[in-house]
Amino acid sequence: MDQALFRLLMMRLRGGFRLRLIQLTSLRGLLFFLAFFGIIWLLVVTNSSSSDMGSMSNAALDRQALSAQISTFMPISMLAMSLLTVALTTGPTFHFSPAEINFLYTGPFRRRDLIIYKFGAYVAGATLSSALIAIFAQGQTGSALSAFIASLLTIIFVQLNSAVIVMTAQTLEGSRLSRIRYPVIALLLAVAAACMLYAWATPDRNLFDLLSAFRHSWIGTIILIPYIVFAELFVSSSLPNMAVWACIALLINIALLRAAIVLDARTTDRALSENARQSNRWERVKQGGSYWATQRAEVHSIRRSLVWGGLGPIAWRQALNVARDSLKVVVVFVGIAACAGPLVAAVGIPFTDPRVLTIVYTFFGFILPRTLVCDFRGDLSRMEVYKTLPIAPWRICAGQLVVQVLVTYVIALSLIVSVTVFEKGFVTSGALVFAAFALPLTVLIYTVENTIHLLFPKKLVPMGRADFEFLGRSLVEFIAKTIVVLAAGAASAAVGFATLTTFRTSLVLPALASWITLTLIVLLTLVMMQYAFRRFAVAETVD
Amino acid sequence: MITVTNFSKQYKGFTAVKDLSFSVEPGQILGLLGPNGAGKTTTLRALCGIIPPTSGRLMIAGHDIAEAPIAAKQNIGYIPDDPRLFDTMTVWEHLAFTAAAYKVTDFEKCAEALLNSFELTHKRDTLVHNLSRGMRQKVAIACAFLHDPKVILFDEPLTGLDPQGIRGIKQAIRERAQAGAAIIISSHLLSLFEDLCTHIMVLNLGECRLFGTMDYVLSEFGQTDNNSALEEAYFTITQKEEMGQA
């Protein structure tokens with residue numbers, strides 16, 4: 001690498017490190033940092049103590065079973081990720097920020113040096129991620145060092161593999177080969193759908209059996225060869241064995257880096273426009289917009305806004321926001337929710353299983369609110385506008401929630417309908433109860449989410465990979481939200497139970513009492529949100 | 001129309017504005033002048049209800065902004081120094097949004113006229129994130145004028161505008177004042193004040209150092225060979241302050 005670029009890389013790393021130290025000097029930064037590592041430590045301790053509690057032979061058996069699963073499913077997952085990259089043709093190539101383009105593109109550097117510089121920056125970030133992953137993966141690989149090496153090489157492979165796929169697609173753009181892209185994607189989707197249907201229709205075989213059979217077939221082994229190398233890194237039983245796989249993985253990564261440098265020369269113009277697009281997107285994300293926002297400059301204007309006593313314009317603005325910013329995300333989430341039924345049926349786990357419910361809650365309570373933002377959280381930089389409107393604060397708050405809640409509720413309903421249709425034994429009355437309670441629960445999740453953001457405003461994206469304050473805060477927020485949801489759920493269930501024991505009627509009256517209790521709690525949280533909006537100080541900087 | 005009585009604003013122990021009192025009548029244009037951190041933007045933000053005052057009364061068209069914020073805000077048009085528009089909405093949709101928020105029923109005709117006067121007609125269906133800084137400023141001004149406010153507050157209104165745009169905005173401000181609006185402009189452009197303002201207030205370190213009509217300022221400070229009267233007044237007041245502090 002060029003000496004100047006190497007020096008720049010070192011200075012940026014040192015700057016990043018200094019920034020983390022500065023974060024730690026504030027009480028809030030220190031608390032979130034401690035919270036983040038406290039939760040990580042708790043997870044590690046819980047993990048190790050649960051394995052200590054079982055006998056040694058059981059632990060060995062568990063490890064063997066996990067190794068078999070990693071060996072089978074990790075290559076398939078990595079292949080799926082590569083196919084997704086092909087389908088989207090966007091993704092992590094080598095992204096240069098506007099500052100880097102201004103300084104480095106005009107500097108006396110070769111493109112090759114710039115790519116290596118960027119790759120070096122990426123490796124530095126990946127090293128940190130690998131160190132974190134190694135804490136959890138060491139139980140599987142036997143030592144922290146082997147877990148670290150396996151994670152690092154795999155993360156680098158994922159990045160380089162995606163970059164090479166995207167660059168290849170960009171090189172082939174306009175050629176005959178690019179025309180077969182969509183038919184091939186359609187064919188693969190059809191095969192996937194057929195497999196799911198087959199698994200659903202065949203009682204003694206589930207989806208995982210089919211995937212396992214594919215992985216262990218000769219054709220599966222050939223297709224998955226590069227990915228198998230990285231799975232073997234995690235399941236190697238001895239150090240020499242691991243060293244061999246690590247060498248092969250390293251060679252694959254070097255070959256991919258070489259390919260990226262060669263392909264980069266053919267895609268320089270495209271890379272520049274992609275960089276500009278990517279930078280604009282990130283700028284918009286920082287302002288609370290969506291990464292998937294429309295790239296169009298002009299659209300058909302809607303002539304009039306809703307009024308609804310002041311609540312309408314805010315809801316209308318957020319509806320337009322979803323339609324133009326996040327429609328693709330909504331479609332993907334509705335698709336995922338609709339696939340949940342067949343997936344759960346194919347796997348053979350009932351929907352009411354606590355593990356499934358935990359995944360569903362994590363999806364609705366953590367993943368969805370982080371990905372789909374169409375309420376106050378995305379408008380923190382525009383609070384000035386809301387503060388000057390002649391609309392009562394509670395109407396502004398309610399207007400902000402309408403679209404976010406409705407969209408989430410549609411996704412939840414898709415999930416419920418899908419499970420009702422595909423899961424045998426899941427009765428319609430159960431689905432109706434889920435549907436009825438999903439609405440106040442959704443409002444509750446987003447009211448709490450918005451209240452926290454208004455009381456303690458924060459940026460929507462982390463400042464780099466190692467923003468422990470951001471990560472710690474996200475975890476603390478999720479825990480706080482879960483406590484409120486659980487408390488509201490418990491209070492609602494208690495009222496339902498009291499109604500049942502008092503009146504000894506059918507379950508309809510207790511369910512209704514529970515629902516009303518939950519709705520009243522939601523209204524109380526809405527009052528809290530209104531208070532948070534009123535006391536929101538625009539003049540103070542949103543960090 | 002605008003009456004400010006003993007207004008103070010403190011942020012965590014720091015006094016941004018201290019004991020400020022003034023009034024602006026219909027048809028008057030008050031220019032707020034002062035160095036960075038003098039308290040100009042804080043005063044404007046408090047007047048339009050973005051930040052609450054620590055003490056004092058801020059009356060807009062007879063309504064206290066702290067006690068009757070909805071009624072007061074119904075009469076205000078505020079143009080911030082960096083207008084934050086909604087990325088996913090077009091120029092026209094910003095006007096439709098404003099009309100719904102301020103309950104302006106038949107807004108189309110007025111909106112068309114505003115688009116025309118600010119040369120935005122051809123940009124009506126453009127998403128605002130594709131507009132230049134100056135264009136976005138024009139959209140913000142058009143939105144602020146749509147509900148025909150009795151009080152208009154401008155924070156650095158000419159930033160990013162081309163000469164044609166500057167002339168257009170100046171003309172629009174004059175017309176609004178002639179129509180009876182009370183206007184406050186905060187800016188660092190002294191020439192803008194000389195062109196438009198009927199009154200001047202010089203703020204420094206959160207306190208009012210000079211308040212009077214433009215004629216009073218001109219007669220008090222006169223014109224030197226190199227500087228205009230306003231420039232003379234500004235530097236005399238602020239430099240005296242700095243020397244005093246030193």
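A crossing of two helices is left-handed if the near helix is turned anticlockwise from the far one by less than a right angle, and right-handed if clockwise. Keep that in mind for the helix pairs below. The model on screen is predicted.

**Stop 1: chain A as a whole**

Select chain A, with its 543 residues, of which 33% count as buried. Chain A has 19 helices and 0 strands. Among its contacts with a separation of 6 or more, 80% join residues 24 or more positions apart.

**Stop 2: helices H16 and H17 of chain A**

Select residues 393–422 of chain A for H16(A) and 428–455 for H17(A). Their axes come within 9 Å and cross at roughly 150 degrees. Angles over 145 degrees count as roughly antiparallel, and H16(A) and H17(A) are therefore roughly antiparallel to each other. Turn the view so that one helix lies in front of the other: the crossing of H16(A) and H17(A) is right-handed.

Now show side chains where the two helices meet. On H16(A), the contact residues include A:Gln400, A:Leu401, A:Tyr409 and A:Ile416. On H17(A), they include A:Thr428, A:Phe434, A:Leu439 and A:Tyr446. Colour the contact by class and it divides into 13 nonpolar and 8 polar residues, with no charged ones.

**Stop 3: from H17 to H19 of chain A**

Keep H17(A) selected and add residues 508–535 of chain A, which form H19(A). The two helices pack at an angle of about 20 degrees, with their axes 9 Å apart. Angles under 35 degrees count as roughly parallel, so H17(A) and H19(A) are roughly parallel to each other. This crossing, between H17(A) and H19(A), is left-handed.

For the side chains here, select A:Val433, A:Phe437, A:Pro440 and A:Leu454, which are among the H17(A) residues in the contact. From H19(A), the residues they meet as a group include A:Trp515, A:Ile521, A:Met528 and A:Phe533. By class, the contact of H17(A) with H19(A) has 19 nonpolar, 5 polar and no charged residues.

**Stop 4: where chain A touches chain B**

Show both chains. Their contact takes 35 residues from chain A and 32 residues from chain B. On the chain A side, helix H13 (311–347) and helix H15 (383–388) are the elements that give two or more residues. H13(A) supplies the largest share of that side, 8 residues. The chain A side divides into 17 nonpolar, 8 polar and 10 charged residues.

**Stop 5: an open sheet in chain B**

In chain B, find the four strands that form an open sheet in the order E2-E1-E4-E5, with antiparallel pairing. The edge strands are E2(B) at 14–24 and E5(B) at 63–64, each pairing on one side only. Select residues 2–11 for E1(B), which pairs with E2(B) over 7 bridges. One place to look is B:Thr3, whose bridge partner in E2(B) is B:Ser23.

**Stop 6: strand E9 of chain B**

Select residues 199–204 of chain B: 6 of the 6 residues of E9(B) are buried. In a regular strand the side chains alternate between the two faces of the sheet. Here B:His199, B:Met201 and B:Leu203 point one way, while B:Ile200, B:Val202 and B:Asn204 point the other way.

Add E3(B), residues 29–33, which runs parallel to E9(B) and is joined to it by 4 bridges. B:Leu30 has B:His199 as its bridge partner in E9(B).

Finally add E10(B), residues 207–213, which pairs with E9(B) in the antiparallel sense over 6 bridges. B:Leu203 stands opposite B:Cys208 in E10(B). E9(B) and E10(B) form a hairpin with 2 residues between them, and B:Leu205 in the turn has a positive phi of about 50 degrees.

Key. Residues are numbered from 1 along each chain as its sequence is written. Chains are lettered from A and ligands numbered from 1 in the order in which they are written. This is a predicted model: local features need pLDDT of at least 70, side-chain atom pairs count only at pLDDT 80 or more; totals for chains, interfaces and linings use all residues. Two residues are in contact if their C-beta atoms, placed from the backbone, lie within 7 Å. Ala, Val, Leu, Ile, Met, Phe, Trp, Tyr, Cys and Pro count as nonpolar, Asp, Glu, Lys and Arg as charged, and the others, Gly among them, as polar. Axes are lines fitted to C-alpha atoms, for helices over the stretch in contact, and angles run from 0 to 180 degrees between N-to-C directions. Angles under 35 degrees count as roughly parallel, over 145 as roughly antiparallel, 65 to 115 as roughly perpendicular and the rest as oblique. Two strands pair if DSSP finds at least two bridges between them. A residue is buried if 20 or more other C-beta atoms lie within 10 Å of its own, exposed if 12 or fewer, and partly exposed in between; C-beta atoms are placed from the backbone.
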